[in-house]
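Me: I am new to this structure and should like to learn how its features are read. May we go through them one at a time?

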Amino acid sequence: MTSELPGQIRPLERMDDLVALCARRGFIFPSSEIYGGINGFWDYGPLGVELKNNLKAAWWQEVVRERDDVEGIDSSIICHPRTWEASGHVEHFSDPMVDCRACKKRFRADQLADAGPCPSREGTSEHDWTEPRRFNLMLQTRIGASEDAAAVAYLRAETCQPIFNDFRRVREVARQQIPFGIAQIGKAFRNEINPRNFTFRSREFEQAELEFFCRETERDRWFDHWLGERLRFHRELGLGPDHLRTRPHAPEELAHYCKRAMDIEFRFPFGWQEIEGIHDRGDWDLSRHSEFSGKDLGVTDPETKEHYVPVVIETSVGIDRSCLALLCHAYREEALEGGEARTVLRLHPRLAPIKVAVLPLSKKLAEPARRLERELRRRWNAFYDDAGNIGRRYRRQDEVGTPFCVTYDFDSETDGRVTVRERDSMQQERIALDGVAAWLTDRLGPGA
Ligand code: GAP
């Protein structure tokens, strides 16, 4: 950026820049890195886990806590294997796969454009594809010491199926009537044929799902309600209309259980891609689990005494995909005065891993600066840094999205004031030391 005009802004164009920042600053990096990584698996470092936790907390707050018609659960990752027969995953949850007979690489048959040239054939770069075969995406494991087929179990492919398993008990213990919802956040696993685009398509990822149970006659109203709520959520976290759109599924795209579906898509550097799906699942899940378990999962209308199976409106967002979208959107390189440049993550303060950094101008001021940091740390994730020149320390905080820095200098000793600096505008303000917590509360909320 050094040759560009001050004020010039460059958004993220190459994923590699973000991948490098995420590894360098400890947001996200390959799992088992010391062994060369493992394809489709990622670890979140000290800043990444804060970002992810903040996103999950925001979702939980809005979808579960602020509503009296939604209950939360945290189910086991491994369910009774019949669950996945009932859900249709054993039969249907597969992608078409082809192998190249020459280079032995394996690809999804619908993504051959990404395969690149074959490195192993003589006289041609064309691959020598096999016929497509179905490949089930569920990851299997075995339970207990037995090696026989009866011990096979699956790591859940989506977090919603245990919600259906638990529907009857949760409704009873929470004394909920239709309409109401059950939500959970947790890990899901898919043996993706070609994991790609950083964390976008992984083999282990987190989902935040809501299954909302309602009368059939109310399905469209609730579908529209939840679509509106979920769009509002993404917008409030900063994703603007030029980066967010909805896309209805054509009838031939609908999953086997789905009556109607709308994707919420984000414009990544690699194109528009789904980050969340809103689905009308009809009564497929509860009916199938009733059939396979032999337990009645229908409900009785308290007034008319009619017995019926509720229909389900689902909202399903990938936490990792959403984090990736937020990071892509927040990333920018800015040209500054004097030929300098900075990389900044303009994350919403609610999501920022570090809320405030305390930076003494000199190591000699460590004691009072540490005192301030300890006070702030009780309420927000605060960070202390006294190494290097102040400009460089600001840049380090900009690069990880810290919204506010507080600088304690030699004058602070006598005038009892400190300098606060705002990340996006880089504006600085001198405020009273004993007013820092109140100043931050106005901008960040009360904290932990
Ligand atoms: N219960 C419905 C369901 O799971 P889905 O469209 O398969 O629907 C929902 O997945 C969301 O989960 C997606 O919008 C995406 O954000 C996330 N997701 C799905 N597969 C993923 C993968 N392999 N890696 C990362 N996120 C994934």
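Reply: Please note that this is a predicted model. Let us begin with a pair of side chains: that of Glu314 makes a polar contact with the side chain of His279, at 2.5 Å. The side chain of Glu314 also makes a polar contact with the side chain of Arg281, at 2.9 Å.

Me: In which strand does Glu314 lie?

Reply: Glu314 belongs to strand 17.

Me: Is Glu314 buried or exposed, and why?

Reply: Burial is judged by relative accessible area, and buried means under 20%. Glu314 has 1% relative accessibility and therefore counts as buried.

Me: Which polar atoms of the protein lie close to atoms of the ligand?

Reply: For Glu314, a polar side-chain atom lies 2.9 Å from a nitrogen atom of the ligand. Backbone atoms take part as well: a polar one of Ile275 is 2.8 Å from a ligand oxygen atom, and a polar one of Gly318 is 3.0 Å from an oxygen atom of the ligand. The protein buries 93% of the 550 Å² that the ligand exposes when taken alone.

Me: What space does the ligand take?

Reply: The ligand takes the space of the largest pocket. Strand 11 (204–214), strand 14 (271–282) and strand 17 (311–318) are the elements that each give two or more residues to the shell around the ligand. Strand 14 supplies the largest share, five residues.

Me: How many residues surround the ligand, and of which classes are they?

Reply: The ligand is surrounded by 21 residues, and among the closest are Glu158 and Glu274. By class, the shell holds 10 charged, six polar and five nonpolar residues.

Definitions and conventions:
Residues are numbered from 1 along each chain as its sequence is written. This is a predicted model: local features need pLDDT of at least 70, side-chain atom pairs count only at pLDDT 80 or more; totals for chains, interfaces and linings use all residues. Side-chain values use heavy atoms; hydrogens and water are left out. A residue is near a molecule or strand if one of its heavy atoms lies within 4 Å of it. A polar contact is a pair of N or O atoms within 3.5 Å; within protein, one must be able to donate a hydrogen and the other to accept it, and residues adjacent in sequence count only if both atoms are side-chain atoms. Accessible areas come from the Shrake-Rupley method with a 1.4 Å probe; for residues, only the protein chains shown count as cover. On a 1 Å grid over the protein atoms alone, a cavity is a set of points where a 1.4 Å probe fits but cannot get out, and a pocket is an open set with protein on both sides within 12 Å along at least five of seven lines; lining residues have an atom within 4 Å of a point. A molecule sits in a cavity or pocket if more than half of its atoms lie within 2 Å of its grid points. Helices (H or I, at least four residues) and strands (E, at least two) are DSSP runs, numbered from the N terminus. Ala, Val, Leu, Ile, Met, Phe, Trp, Tyr, Cys and Pro count as nonpolar, Asp, Glu, Lys and Arg as charged, and the others, Gly among them, as polar. Buried means under 20% relative accessible area, exposed over 50%, partly exposed in between (1.4 Å probe, protein chains only).
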